[in-house]
Amino acid sequence: RAGHNPLLVHHTQDQRSILLSPGGIAIGMDSGDVFRSTIHQDKVPIHPGDIFVFYTDGVSEAMNSAGEEFGEERLEQLIAENAHLSAQQLLEHVHKTINEFCGNAPQHDDFTMVVIKVK
């Protein structure tokens, strides 16, 4: 993670989603002892159908005209409800859903997302 948003993991077998936030400072803040002493690795079991979603805060913090954020909880639910889609379809569906949520509100941050689905 190294300072980035949590990794969203959806385990399709048991329909369970988790947000992984292992410790660590942001990449580039330190290249020496501090980085090495704070970085933490987690191991995640991988099964067919599992989905891994990497995203920037512009995704979860996308706002509508009322100032309401899309949020990680809504993102988790959207991924879980559409886990049957391919990675590309899921990415497109999330993008469309967030655009609809935001309506005419201006985009205030980058929107970057990578979706990986285990075959």
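## A walk through the model, starting at S60

Select S60 to begin: S60 is buried, with a relative accessible area of 4% (buried means under 20%, exposed over 50% and partly exposed in between, using a 1.4 Å probe and protein chains only). Bear in mind that this is a predicted model, in which local features need pLDDT of at least 70, side-chain atom pairs count only at pLDDT 80 or more, and totals for chains, interfaces and linings use all residues. Numbering runs from 1 along each chain as its sequence is written, and side-chain values use heavy atoms, with hydrogens and water left out.

Stay on S60 and show its surroundings. S60 sits in helix α2 (residues 57-60); helices (H or I, at least four residues) and strands (E, at least two) are DSSP runs, numbered from the N terminus. Leaving aside residues up to four places away in sequence, S60 touches N5, Y55, E69, F70, G71 and E72, a contact being heavy atoms within 4.5 Å.

Now zoom out and colour by secondary structure. You should find four helices and four strands, running β-β-α-β-α-α-α-β from the N terminus. Buried residues make up 32% of the 119 residues in the chain.

Next, select the strands. The four of them form an open, antiparallel sheet in the order β2-β1-β3-β4, where two strands pair if DSSP finds at least two bridges between them. β2 (16-20) and β4 (113-117) are at the edges with a single partner strand each, so one side of each has no neighbour in the sheet. From one strand to the next, the twist averages 15°; angles run from 0 to 180 degrees between N-to-C directions, and axes are lines fitted to C-alpha atoms, for helices over the stretch in contact.

Add helix α3 (residues 72-81): α3 packs on the sheet, touching β1, β2, β3 (51-55) and β4, and its direction makes about 35° with that of β1. Then add α4, which packs on the sheet against β3 and β4, at about 145° to the direction of β4.

For a close-up, pick strand β1 (residues 7-11), joined to β2 by five bridges. H11 stands opposite R16 in β2.

Last stop: the second largest pocket, with a volume of about 180 Å³. Of its 15 lining residues, select A62, I98, N99, C102 and Q107, the closest to its centre. Helix α4 (residues 87-102) gives the largest share of the lining, four residues.

Terms used: 1 Å grid on protein atoms, 1.4 Å probe; cavity = no way out; pocket = protein on both sides within 12 Å on 5 of 7 lines; lining within 4 Å. Points joined across faces, edges and corners; volume = space filled by probe spheres on them.
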